[in-house]
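Please read the following report alongside the sequence and the coordinates. It deals with a sheet and its helices, and then with some individual residues.

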Amino acid sequence: DKYSGAEKTIGYRAKELDLMGHEFHLYGLADWPYMSESGKYIHWTGDAKFINTDDYDIIDNNGPTEFSCHNVLNTINGPFWPSRNVVAISHSQGVGMGFKSFRVAHYGVDIDRYVPDYDKEDYFIYFGRAYHGKHPEIAVKLAKQMNFNLLLVCEDRDFCDDKNYVNSLKKECENHSNIRYLGPRFGYELMRYIQKAKAFIF
């Protein structure tokens with residue numbers, strides 16, 4: 001369960017492709033959440049330009065490598081601006097990043113694992129990286145102004161390049177009884193925090 005959002009999403013995608021009978025290859029720097037006997041997993045750390053693009057019907061590129069082939073989809077999971085075949089995870093992302101032409105494919109939810117719990121507790125939750133690009137400090141500011149209970153479940157070790165920002169965010173949460181900074185949580189514990197929250201602040 002210790003994976004970033006992009007890894008989980010690509011893992012879910014690979015799982016569904018496998019169930020549909022497709023062969024897929026996963027290229028990445030981490031151990032992906034799903035592996036399959038029928039799908040070929042490749043633990044790969046080389047330069048993407050050495051991929052033989054003719055070997056694949058579709059390439060779903062979730063990184064900054066620029067492919068010149070026609071059979072690539074560039075799913076935006078970070079600060080990179082491909083020149084063609086852009087897939088944003090939301091309309092606001094595509095517009096906000098300045099793409100003139102893009103399609104939208106929203107992130108899905110594994111409904112077999114994440115089931116609703118309608119017995120809510122009195123808090124809102126932010127979970128994700130403690131990263132200035134995601135602006136969790138805005139949620140903290142609003143919680144202070146509007147006096148609602150806020151839980152911050154933040155990945156603050158990996159994928160966080162600004163430790164000063166992390167420390168500043170933690171300090172902003174101090175001495176406020178309605179704000180709790182928990183740091184990273186995973187698996188069932190994280191799922192229960194999400195299920196019990198009144199709403200998710202994104």
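The sheet is described before the surface and the backbone.

This is a predicted model, in which local features need pLDDT of at least 70 and side-chain atom pairs count only at pLDDT 80 or more, while totals for chains, interfaces and linings use all residues. Residues are numbered from 1 along each chain as its sequence is written, and side-chain values use heavy atoms, with hydrogens and water left out.

An open sheet with parallel pairing is formed by four strands in the order β9-β8-β7-β10; strands are DSSP runs of E with at least two residues, helices are runs of H or I with at least four, both numbered from the N terminus, and two strands pair if DSSP finds at least two bridges between them. Because β9 (179-181) and β10 (199-200) each have a single partner strand, they stand at the edges with one side left without a neighbour in the sheet. Helix α4 (residues 163-173) packs on this sheet and touches β8 and β9, contact meaning heavy atoms within 4.5 Å. Within the sheet, β7 (residues 124-129) and β8 (residues 150-155) are joined by six bridges, and Phe124 stands opposite Leu150 in β8.

Two residues other than glycine have positive phi values, and both are partly exposed (from 20% to 50% relative accessible area, 1.4 Å probe, protein chains only).

| Residue | Phi | Loop | Relative accessibility |
|---|---|---|---|
| Asn85 | near 50° | between β4 (72-75) and β5 (86-88) | 34% |
| His135 | about 55° | between β7 and α3 | 40% |

Leu142, in helix α3 (residues 136-146), is likewise partly exposed, at 35% relative accessibility.

Note on methods:
Axes are lines fitted to C-alpha atoms, for helices over the stretch in contact, and angles run from 0 to 180 degrees between N-to-C directions.
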